[in-house]
Every structure is written in C-alpha cells, then in structure tokens.
Amino acid sequence: MWAATLPGMRVLLCPDKFAGTLPAPQVAAAVADGWREVAPGDDLLVRPLADGGPGFLDVLAEALPGRRVPVPTTDPLGRPATGEMLLTEGGAVAWLESAQACGLHLLDAAERDPLATTSYGLGLLIAAAVEAGARTVVVGLGGSATNDGGAGMLAALGAVGLDGTGAALPYGGAALAAAAKLDGLPRLREARLIAATDVDNPLLGLHGASNVFGPQKGADRADVLLLDAALARWAEVLERDLAGCPSGLGALPGGGAAGGIGAALLALGGRCESGIGLVSRAVGLETVLDEVDLVVTGEGRFDHQSLRGKVVAGVAGAARDRGVPCVVLAGQVSAGRREAASVGVTDTYSLVEHFGGEEHGGLAAALERPAEGLRALGARLARQWSR
C-alpha cells in the first residue's frame with residue numbers, strides 16, 4: 001500500500017521593497033529561491049507589494065495589463081530625468097510614481113535640501129498623463145525629497161505661485177513664505193486625481209509634513225520651523241485662489257504626504273486612498289489570503305512607523321483576521337515583539353542579525369548582500385515552517 005503524502009504548504013510571499021537595496025519583486029524572488037531549496041513541493045504565491053512610494057509602478061506593472069510609457073521630466077533639483085506612466089484600462093487610467101521625479105533616492109546626501117527641492121517634475125508627469133487621454137490619474141506618494149506643498153507640481157500644470165511683486169516663486173519650500181497669489185489654472189482636462197498614500201499626516205503642525213518628514217530630507221530644527229510657516233502661508237493662498245479647494249486644507253489627513261503634495265492634490269479636488277489598499281486590490285491579495293497557510297512579508301526597516309499604515313501592518317492585520325500566521329523579514333528590526341504582535345505579526349527575522357549583528361558588521365553586509373541574506377532567511381523559514 002502506498003503511504004499517504006501530506007500536501008505542501010501554500011505560502012504567500014508579499015514583501016514591500018527594501019529601500020536602498022532591492023525592489024519588492026527582487027525581495028520576493030530571493031526569499032522564494034531560498035524556500036524552494038528546502039521545500040520544493042510547497043506552493044509559493046508571489047505577490048510583491050508597495051504603498052505608493054518607490055517601486056509603486058514596478059509592482060503594479062506586474063499585476064495589471066497595460067503599457068509603460070517613458071516621460072521626460074525633472075528631478076528634485078530641476079535636472080533632466082526620465083519617469084514613466086503606466087496606462088491601463090485602454091489608457092483611461094494612468095498610474096504615476098511621484099518618487100520618479102521627487103524621490104530622495106535621486107539625490108546625493110549632500111544635495112538634500114527641502115528648502116530648495118521641487119515637485120515640478122511630478123507636474124510634468126501628470127501633464128503627460130492628462131495629454132495622453134487619461135481620465136483618472138493615480139499618483140503614488142512617498143519617498144520624496146521635497147517639502148514645497150506641491151507648488152512645483154502646480155506650476156508645471158499651469159497654476160504658478162507669485163510673490164507680492166508678481167514674480168514667480170522660485171523652487172523649494174522656503175520660497176512659499178513669500179507666496180501672495182496663484183496665477184493661472186491647472187490644465188487637467190477634468191481628469192480625476194487620486195493620491196495613493198498610507199500617510200495620514202496633515203500638511204501643518206507637530207504631526208505635519210515639515211516636522212515629521214523634514215529632518216529625513218535634510219532639514220534642521222530652524223528649517224523645520226521655517227518650512228511649516230511657509231506651508232501655512234501656501235495653504236492660505238490655495239484656499240483663497242484655487243476654485244474648489246476644501247477649507248481647512250492644512251489639517252486634512254494625508255495632506256502632509258510627500259512634503260505636502262498630498263495637500264496640493266486635495267486642493268485640486270483629488271482624494272486620498274490607501275496605497276497598499278489600491279495595490280492589494282490590483283494583485284488580488286484578499287482572495288489569496290483566504291487560500292494560504294502562511295504569509296511572509298517584509299520591508300527594509302521594521303520599526304514603530306511600520307505599525308502605522310505601512311505595507312507590513314496592513315498585511316499582518318489581514319492575515320490575523322483570517323487566523324493565518326504572518327512572518328516579517330526586514331533589513332533591521334527595532335519594533336518590539338509586543339508591538340509587532342499588536343498588528344498581527346507572528347515573528348520577525350532580521351538581515352542584520354543573520355549577518356552577525358551590527359557590532360560584527362551585519363549592517364554593512366545586509367546593505368551589500370541583501371539577496372544572499374534573503375535567500376538564506378527563506379531557507380531558514382522553510383525549515384522552521386514547512387510541514
């Protein structure tokens with residue numbers, strides 16, 4: 001008599017990018033390679049994810065039928081750059097990634113200066129999408145180097161900020177302190193705008209764009225205070241001069257995304273939607289979660305910010321609701337076990353610890369050899385979890 005054979009596990013691999021090292025599809029592929037070395041009979045469902053920041057388009061392009069179109073644009077300092085749009089539904093919907101024009105990764109450390117960086121390049125991407133005939137434009141927000149309240153973006157669309165003398169405002173968040181009026185109308189051809197973000201910070205105040213994200217972009221304390229005051233002035237101008245702009249713009253959730261680009265999109269009549277929610281629907285995550293025995297997700301750094309609306313928290317919560325264990329792989333792990341468990345995380349694994357810990361060069365190795373480390377962790381997971 002033949003012995004019965006247990007069926008293999010069904011494992012969902014749905015990581016975010018490891019910022020600065022690997023995009024989400026490569027993270028998932030490395031973990032899958034390691035798992036298959038140990039448990040080749042298991043069924044691996046690979047669904048890379050993103051929340052609106054860098055890698056947003058890469059993930060969507062794998063999940064949605066459409067075409068990627070290159071678009072000439074500019075980087076946060078106004079230098080020539082190349083972005084792209086993903087056109088789906090016959091060109092009716094355009095997906096954009098703000099980080100392709102405004103991303104912090106486009107600048108060297110010495111170039112990071114939110115007083116001077118601009119969102120103008122994103123405006124060029126939106127204009128290209130509108131001119132291509134898109135009726136809905138979805139803008140992924142995250143990972144930006146800017147703090148200009150979307151002023152550059154609006155200028156590229158035809159609505160230019162002016163100072164008290166009637167001169168156009170120069171690039172950057174600092175210039176907004178002199179904003180006196182908005183000249184011109186944004187050329188959107190009635191396209192609907194959606195800001196894809198999982199940041200709920202408002203534009204202004206202690207939890208606003210300048211205070212929370214400015215230091216990551218090169219702002220010191222004096223810069224933060226200057227930028228917050230400048231954005232407050234800018235919000236007043238938008239509310240007064242932009243038809244349809246909602247009142248209380250500076251306090252609206254999501255307005256602080258990408259240095260205030262979120263607020264500018266809201267001022268244009270757009271709305272904020274969860275980036276991870278949009279991507280999850282695109283890849284069919286909800287359906288897949290109902291069919292698996294284990295979920296493996298991850299990101300470059302799993303910390304307290306991960307617990308607020310990021311990919312990992314969203315995935316872990318959905319897995320917990322179904323009684324499915326969820327494991328997190330990260331370059332570094334600083335969130336405590338109790339914190340992790342509060343959002344549905346069963347266990348965590350760190351690349352830095354895999355390579356011996358920070359005190360033994362683990363951080364450098366994790367940055368230099370992330371794919372190698374992820375393959376090894378994938379194999380370790382298979383040994384521990386595969387039945």
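# Cavity and strand pairing in a predicted model

The residues that line the largest cavity comprise eight nonpolar and two polar ones, with no charged residue in the lining. The structure described here is a predicted model. A search of the whole structure finds one cavity of 30 Å³ or more, and the volume of the largest cavity is about 50 Å³. Its lining consists of L13, P15, F18, V27, A28, V31, V296, T297, G298 and L329. Helix α1 and strand β11 each contribute at least two residues to this lining.

## The five-stranded sheet

Five strands form an open sheet with parallel pairing, in the order β2-β1-β11-β12-β13. The edges are occupied by β2 (43-46) and β13 (347-350); each has a single partner strand, so one side of each is left without a neighbour in the sheet. From one strand to the next, the twist averages 25°.

Within this sheet, strand β1 (residues 10-13) runs parallel to β2 and is joined to it by four bridges. L13, which also belongs to the lining of the largest cavity, has V46 of β2 as its bridge partner.

Two helices pack on the sheet. Helix α1 (residues 24-38) touches β1, β2, β11 (294-302) and β12 (326-333), and its direction makes about 175° with that of β2. Helix α15 (residues 370-385) touches β11, β12 and β13, and the direction of α15 makes about 150° with that of β13. Strands β11 and β12 are thus touched by α1 and also by α15.

## Pairing around strand β9

Which strands pair with β9 in the parallel sense, and over how many bridges? Strand β6 (residues 136-140) pairs with β9 over five bridges, and strand β10 (residues 271-273) pairs with β9 over three bridges. One residue of β9, A195, appears in both pairings: A195 is the bridge partner of V139, and A195 also stands opposite C272 in β10. Strand β9 (residues 192-196) is mostly covered, with four of its five residues buried.

The parallel pairings for which bridge counts are given above are collected in the following table.

| Strand pair | Bridges | A residue pair |
|---|---|---|
| β1 and β2 | four bridges | L13 and V46 |
| β6 and β9 | five bridges | V139 and A195 |
| β9 and β10 | three bridges | A195 and C272 |

Note on methods: Residues are numbered from 1 along each chain as its sequence is written. This is a predicted model: local features need pLDDT of at least 70, side-chain atom pairs count only at pLDDT 80 or more; totals for chains, interfaces and linings use all residues. Side-chain values use heavy atoms; hydrogens and water are left out. Two strands pair if DSSP finds at least two bridges between them. Axes are lines fitted to C-alpha atoms, for helices over the stretch in contact, and angles run from 0 to 180 degrees between N-to-C directions. Contact means heavy atoms within 4.5 Å. Buried means under 20% relative accessible area, exposed over 50%, partly exposed in between (1.4 Å probe, protein chains only). On a 1 Å grid over the protein atoms alone, a cavity is a set of points where a 1.4 Å probe fits but cannot get out, and a pocket is an open set with protein on both sides within 12 Å along at least five of seven lines; lining residues have an atom within 4 Å of a point. Grid points are joined across faces, edges and corners, and a volume is the space filled by probe spheres set on the points. Ala, Val, Leu, Ile, Met, Phe, Trp, Tyr, Cys and Pro count as nonpolar, Asp, Glu, Lys and Arg as charged, and the others, Gly among them, as polar.
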